[in-house]
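User: I'm new to reading protein structures, and I'd like to know how the labels people use get justified. Can we go through some together?

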Amino acid sequence: MLDNLNKKSLKYVGKATRRIDAVEKITGQALYAGDLEFAGMLHGKILRSPHARAKIKKIDVSKARCLEGVHAVLTGHDLDYRVGLYLVDKYILARDTVRHFGEAVAAVAAETPAIARKAIELIEVEYEVQTPFLDPKNVFDKKAPLVHPELGSYDYVQAVFTPIPGTNIANHTKLRKGDVEKGFKDSDLIIEREYTNPNVQHVPMETHIAIGKWDIGDRITIHTSAQSPFTVRNLFAHAFKIPHSNIRVFIPYVGGGFGGKAGIHLEPLCCCLSKAAGGRPVKIQATREEEFSLLPCRSGLVYQIKTGVKKNGKIVAQKMTMFWDAGAYADYAVNVTRASGFSASGPYEIENAWVDAYTVYTNKPFGTAYRGFGHVEFSWGMERHMNYIAQKLNIDPLKFRLINALKPGSKTMTGEEVVENTGNVSKCMQAVAESINYGRLTAEEKAREKKTGRKIGKSVVALQKAPAMPPFTGTVMILKLNEDGSVTASHSLTDYGMGTYTSLAQIIAEVLRWPIERIRIPIETDTDRDPYDWQTVASKGLLLSGNAAILAARDLLDKCYDVAAQALRAQKCDLDHDAEAVFVRHHAAHRVTYQQMAVGYAYPNGNAICGPIVGVGRYIAQGLTNLNKENGQGNPALDWTYGAHGLTVEVDEKTGEYKIIKVASAYDVGCVINEASVRGQAIGGMIQGLGTAMCEGYLYNGKGQLLNPSFTDNKIPTSLDIPEEIDCIAIETPQIDGPFGARGVGEHSMIAVCGALGNAIEEAVGANLTHMPIRQEDVWKALQKKGRKASEKVISAVVTEEKTRRGRKPGKKAIEAPVVKAKRGRKPGTKKAEKPAEIKVEKPKRG
């Protein structure tokens, strides 16, 4: 939409514009959920399970109820309600059984937080501890305990998901493209390896906070730090069988979310405590430790990849098996499995593909949406695997990626054809390769190696992601013309740090051709006052809400033209407008100002016409389908955003210590609406991705108890971990249906940077890494194993002598490697590789 305009002619789109919420946030005027206080408000606290799996034999709350200042005490037997986004499997408080360490067992509402904490300490619980199910790879073990024996009785979205009763499989996503077995037979080489990564916490600056009030007549008011107000309302209505119109959800400023606040979490418990306390509002504010165990995290992943390739570097077939560690409840994890399933190969064309992606229940804190929606996790395995294959073929890893990259005419895993306007991943890779001087060491880098004694390695990786959303996802934007000629926007996209509201203001100002200072977009959203939006997730906000903003601005102008045509006794086709008025083009002095028509135009004699002016824009995703549940074919993608990272690292061969020298990131954003926002997303996401690559991850003991539920042992990056140099590059291949050609980039900066780090470390010192995070001690351990014969499994190697089975003449033919750029002074040139006798597959090393 408006993708073919000349950007040089635009006044606001693509130009520097200050964030519309900057002053409020910097000065502390912005109000978050934690700042809100209401008359008679009580404070809630939660008792959490110390066990991963146990029967609740007895709960004694008598002492807590008797404590002065306590107004409500609840246990699971008081609340026979289940909640769930796609699969309704979670009680508000555990009933009879606890399924993960940190699960909510009881809750208290009291006059002060201190009294509530004291009351929690007085609750006595008798548990019968049971053996937990912890390893998702054991999902087919018939002797494994079932996390949800009653899975077959749960409600779920049947058109999309496939839970398997009698197992720990909450969802099985299948994708079948081409003939994978024939592809393996036609391959010159078959390579297989396994990659793993753990649960990770979102760690937004603001923890989960909710305030609930349950009034007479089942009128519910919720103030919350959630990402998606209408999702909270919808899930609450379904859980409690209350009309949607009875539920009001208000979201103030939100201090980060990263997907962890996308669903419904503390809100039902707050409201139930309020009801038990006679309708007084109840606030629950999660502690940081509660964020790690009570509230959701990112799912862990075991990723097995088997790839068949030709000696020229073309991937012929690939079989991918994903075991997603969903934890105790399905939440978003089932949709993460679905989204990762149709993107599992990364931005590469695979002619014959087979994917089995399993959402596996375990007795761990449950997984939910996380920035990148599964792509961060599987990109670790895929991008490490791409380098592994390139090594075996003796092909430069970048060239190998370019050979297999999606391009116009390619077919995605689900059968969607890539066209010119889909984007250009090859251009992204080439841009970052140039930025980091890929394939060689500069004079400065050689001198640095000599001075420090550390080895420098470089890598380039690629990425892609489409919004994971229903095919009917829609949104609305309303523009209200004010008496002074300004405009106030009303919508329900939540800006929890992305800067999208500023971009929307730029789009509205551009279409109206008005000063951006006259465009107001309130930060707060309210389901009673603002129009519907599905959710604020999936990097879909700018595209969908941006198009709705364009349509709303056009509608507003059209209505202004209607009024002016009557007032000026002119035809609409003869009208034009500027920042102040609508006028007759050939008699520009004949004009009606926006102030004159804002609330209804009045003639000199007092007669009035039209009434207040409001512009409405509605937009819904076009042409999307559900995926076929048997083969995964269909059209799930609103758009594809491609990108690439180039990374330079130096590594100490003796200690495993490493430092990231430079990261260059390029994204095909279609059109840059706000350069500062794109850069902020690019840098912030990249550093967040480095956090999960370098140090973040849950650690459990054999009983399923979380060992590092705080920043003491669960580290996130600090300023000392930031790369010395960061380069952000925007590629602009216009998205035809995007606002001014733009597409989303909120999640993409976090994807694949983990693989870039692993590849660069290996290129520098040969450390073979298949598990992230990559702590410095992990590099040291890998270096100790370097040169030793590890436990390996021969998968297969189809040598040239075997070609006779397919009608080819026998004979030995050497595999030729392509010309690659010289590295560290090595001369470029072709080199004949020895006939591969066998391909070794290494078991992943965890730790």
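Analyst: Sure, what follows is a run through some labels, each set against its cut-off, and keep in mind that this is a predicted model.

User: What makes strand β1 (residues 42-48) largely enclosed by the rest of the structure?

Analyst: A residue is called buried when its relative accessible area is under 20%. Six of the seven residues of β1 are buried, so the strand is largely enclosed by the rest of the structure.

User: How do you know which strands pair with β1?

Analyst: Pairing takes at least two bridges between two strands. β1 has two bridges to strand β14 (residues 282-285), and these strands run parallel. L42 stands opposite V282 there. With strand β7 (residues 104-110), β1 has six bridges in the antiparallel sense, and G44 sits opposite A109. Both partners therefore satisfy the rule of at least two bridges.

User: Why are helix α13 (residues 500-512) and α14 called roughly parallel?

Analyst: Their axes cross at roughly 30° and come within 9 Å. Angles under 35 degrees count as roughly parallel, and therefore the label fits α13 and α14. Their crossing is right-handed. Residues making the contact include L504, I508 and V511 of α13, together with A549, I550 and A553 of α14.

User: What makes β25 and β27 edge strands?

Analyst: Three strands form an open sheet in the order β25-β26-β27, with antiparallel pairing. β25 (575-577) and β27 (587-593) each pair on one side only, which is what puts them at the edges. From one strand to the next, the twist averages 35°.

User: How do you know that β25 pairs with strand β26 (residues 581-584)?

Analyst: Count the bridges: β25 and β26 share three, in the antiparallel sense, where at least two are needed. One bridge partnership is L575 with V584 in β26. Helix α14 packs on this sheet, touching β25, β26 and β27, and its direction makes about 125° with that of β25.

User: What does it take to belong to a nonpolar core, and which residues touch the most other members of the largest one?

Analyst: Members are buried nonpolar residues joined through side-chain atoms within 4.5 Å. The largest core has 226 residues, and F236, L481, L647, L757 and I761 touch the most other members. Helix α14 (residues 541-568) gives the largest share of this core, 16 residues. Leaving aside neighbours within four places in sequence, L757 is in contact with residues including L647, Y658, M694 and I774. There is also a second, separate core of twelve residues, with A64, V70, A110 and A119 among them.

Methods:
Residues are numbered from 1 along each chain as its sequence is written. This is a predicted model: local features need pLDDT of at least 70, side-chain atom pairs count only at pLDDT 80 or more; totals for chains, interfaces and linings use all residues. Side-chain values use heavy atoms; hydrogens and water are left out. Buried means under 20% relative accessible area, exposed over 50%, partly exposed in between (1.4 Å probe, protein chains only). Helices (H or I, at least four residues) and strands (E, at least two) are DSSP runs, numbered from the N terminus. Contact means heavy atoms within 4.5 Å. Axes are lines fitted to C-alpha atoms, for helices over the stretch in contact, and angles run from 0 to 180 degrees between N-to-C directions. Angles under 35 degrees count as roughly parallel, over 145 as roughly antiparallel, 65 to 115 as roughly perpendicular and the rest as oblique. A crossing is left-handed if the near helix is turned anticlockwise from the far one by less than a right angle, and right-handed if clockwise.
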